[in-house]
Every structure is written in structure tokens, then in C-alpha cells.
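Please look over the sequence and the model before reading on. The explanation below is meant to be followed with both in view.

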Amino acid sequence: QQTAQIKSALMADTSIDSTGIDVDTDADAKTVTLKGRVATAAQKTRAAQIATQKAPGYTITNNLQVGR
């Protein structure tokens, strides 16, 4: 459920190109991992902010790579 909420929020945020972002959620460990590529460091930061908002209490691991 967290995965879908985060992915939907990323897609809804027009400041992020979310097509290259993969969201993995582990409910047992309460972790969210962001993987893939974004164009800018600002998009990487924003993606982590969105994940934090949509998955309160979860640890966010931001493994997004910046650049094409």
C-alpha cells in the first residue's frame, strides 16, 4: 500500500520526472527504498521528501542516481 501511495504522489508532482523511479517498500522492516534515475539533485531530494510524507515512521533509503 505504501508503495502505491508514494508512486502516485511522485507521479502527481510535476517537478519530478518519476518514470525512472522504482519504489520498494518493506512493511516488516518499515523501510522504503527509492531506486532509479532522476535528472537533477533537486528531484532526488523532492522524491525523498514525498516518500517521507507518504510513509510516516518508515526509514527512507534514497538510492536514486542523478543524471541521464
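The paragraphs that follow move from the whole chain to its core, then to one helix and to two loops.

The model is a predicted one. Its protein chain holds two helices and three strands, and from the N terminus on these elements run in the order α-β-β-α-β. Taken along the principal axes, the C-alpha atoms fill a box of roughly 35 × 20 × 15 Å. The radius of gyration of the protein chain is 11 Å, which agrees with the value near 11 Å that a compact globule of 68 residues would have. Of these 68 residues, 32% count as buried. Contacts also link distant parts of the sequence: among those between residues at least 6 apart, 58% join residues at least 24 apart.

The interior comes next. The largest nonpolar core has 15 residues, and those touching the most other members are Ile6, Leu10, Ile21, Val23, Val32, Leu34 and Ala47. Two or more residues of this core come from each of helix 1 (2–12), strand 1 (21–26), strand 2 (31–38) and helix 2. Leu10 may serve as an example of how such a residue is surrounded. Leaving out residues up to four places away in sequence, Leu10 touches Ile16, Ser18, Ile21, Val23, Ala47 and Ile50.

Helix 2 deserves a closer look. This helix comprises residues 41–54. Its 14 residues reach 20 Å from the first C-alpha to the last, close to the 20 Å expected at 1.5 Å a residue. Which residues of helix 2 are buried? They are Gln43, Ala47, Ala48, Ile50 and Ala51. Because they cover an arc of only 160° around the axis, these residues lie on the same side of helix 2. A general rule helps in reading this pattern: an α-helix has 3.6 residues a turn, so residues three or four places apart point the same way. The buried residues of helix 2 are covered by elements that include helix 1, strand 1, strand 2 and strand 3 (59–66). On the other side of helix 2, Ala42 and Gln53 are exposed.

One of the buried residues, Gln43, can be followed further. Its relative accessible area is 12%, and Gln43 is therefore buried, the limit being under 20%. The side chain of Gln43 reaches the backbone nitrogen of Asp17 at 3.4 Å. Apart from neighbours within four places in sequence, Gln43 is in contact with Ser15, Ile16, Asp17 and Val38. Ile16 thus appears among the contacts of Gln43 and also among those of Leu10.

Two loop residues complete the tour. Lys30 is found in the loop between strand 1 and strand 2. At 38% relative accessibility, Lys30 counts as partly exposed. Its backbone is notable for a positive phi of about 55°, although Lys30 is not a glycine. As a general matter, most residues other than glycine have a negative phi.

Pro56 has its place in the loop between helix 2 and strand 3. Is Pro56 buried or exposed? With a relative accessibility of 56%, Pro56 counts as exposed, because the limit for that class is over 50%. Lys30 and Pro56 are 26 residues apart along the chain, and their C-alpha atoms are separated by 9.4 Å.

Notes:
Residues are numbered from 1 along each chain as its sequence is written. This is a predicted model: local features need pLDDT of at least 70, side-chain atom pairs count only at pLDDT 80 or more; totals for chains, interfaces and linings use all residues. Side-chain values use heavy atoms; hydrogens and water are left out. Helices (H or I, at least four residues) and strands (E, at least two) are DSSP runs, numbered from the N terminus. Buried means under 20% relative accessible area, exposed over 50%, partly exposed in between (1.4 Å probe, protein chains only). A polar contact is a pair of N or O atoms within 3.5 Å; within protein, one must be able to donate a hydrogen and the other to accept it, and residues adjacent in sequence count only if both atoms are side-chain atoms. Contact means heavy atoms within 4.5 Å. A nonpolar core is a set of buried Ala, Val, Leu, Ile, Met, Phe, Trp, Tyr and Cys residues joined through side-chain atoms within 4.5 Å. The expected span of a helix is 1.5 Å times one less than its number of residues. The arc is that of the directions from the helix axis to the C-beta atoms. The radius of gyration is taken over C-alpha atoms; the globule rule is 2.2 Å times the number of residues to the power 0.38.
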